[in-house]
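Colleague: Mind if I grill you on the labels in this one? I'd like each one set against its cut-off.

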Amino acid sequence: AATAQGFGAVLNALSSLFTGILLRPQNIPTFWIFMYWILPSHYVLEGLLVSQFYGDTTLIKADIGTPFYYGIQGSNTCPETSTQQQLCYGTSWEWIEYSFGGNFVWSHILYNLLYLFGLCIFTKLVTYLALTKLNYLNK
């Protein structure tokens, strides 16, 4: 039980780091980018955000210094000459595009679903095999 708890804690920490929440995909070091692609939580997060905000034109305020702020500079809602006093706004979808470095896109939805579905099938298959083939009882 202690081994499983330790493994779960490590997996939880890695998922938090490499999903795209704590470290944005564009900021993950090259050596660690494989973790971003193999962890299922990345596909869940991308699917949730993209399906919710794709094409959403709800305006949200851009904080100065964020990738979102610099990405919308020069648009109708955030002129190039913005100052601290002038508020900049962009759409929810623009926030997704700029905050995640263009890595979260609508065209990935099908691949996200296929990956997650395949992972569920694989997990059920491994569980079935373990329950039917492994037996540690001494008879």
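Modeller: Go ahead. The protein chain has six helices and two strands, where helices (H or I, at least four residues) and strands (E, at least two) are DSSP runs numbered from the N terminus. Along the sequence the pattern reads α-α-α-β-α-β-α-α. This is a predicted model, in which local features need pLDDT of at least 70 and side-chain atom pairs count only at pLDDT 80 or more, while totals for chains, interfaces and linings use all residues. Residues are numbered from 1 along each chain as its sequence is written, and side-chain values use heavy atoms, with hydrogens and water left out.

Colleague: Why is the protein chain called more spread out than a compact globule?

Modeller: Its radius of gyration, taken over C-alpha atoms, is set against a globule rule of 2.2 Å times the number of residues to the power 0.38. For 139 residues the rule gives 14 Å, and the chain comes out at 21 Å, well over that, so it is more spread out than a compact globule. The C-alpha atoms fill a box of roughly 80 × 30 × 25 Å along the principal axes.

Colleague: What makes T19 count as buried or exposed?

Modeller: Buried means under 20% relative accessible area, exposed over 50%, and partly exposed in between (1.4 Å probe, protein chains only). T19 has 4% relative accessibility, so T19 counts as buried. In the protein chain, 24% of the 139 residues are buried. T19 itself is in the loop between α1 (2-18) and α2 (33-38).

Colleague: And which side chain does T19 make a polar contact with?

Modeller: That of S41, at 2.7 Å. A polar contact is a pair of N or O atoms within 3.5 Å; within protein, one must be able to donate a hydrogen and the other to accept it, and residues adjacent in sequence count only if both atoms are side-chain atoms. The T19 side chain also reaches the backbone oxygen of S15 at 2.3 Å.

Colleague: How do you know what W95 counts as?

Modeller: Same yardstick: W95 has 28% relative accessibility, so W95 counts as partly exposed. W95 lies in helix α5 (residues 92-99).

Colleague: Which residues is W95 in contact with, leaving aside neighbours within four places in sequence?

Modeller: R24, I60, F68 and F100, where contact means heavy atoms within 4.5 Å. As for N12, W95 is 83 residues away in sequence and 26 Å away in space, C-alpha to C-alpha.
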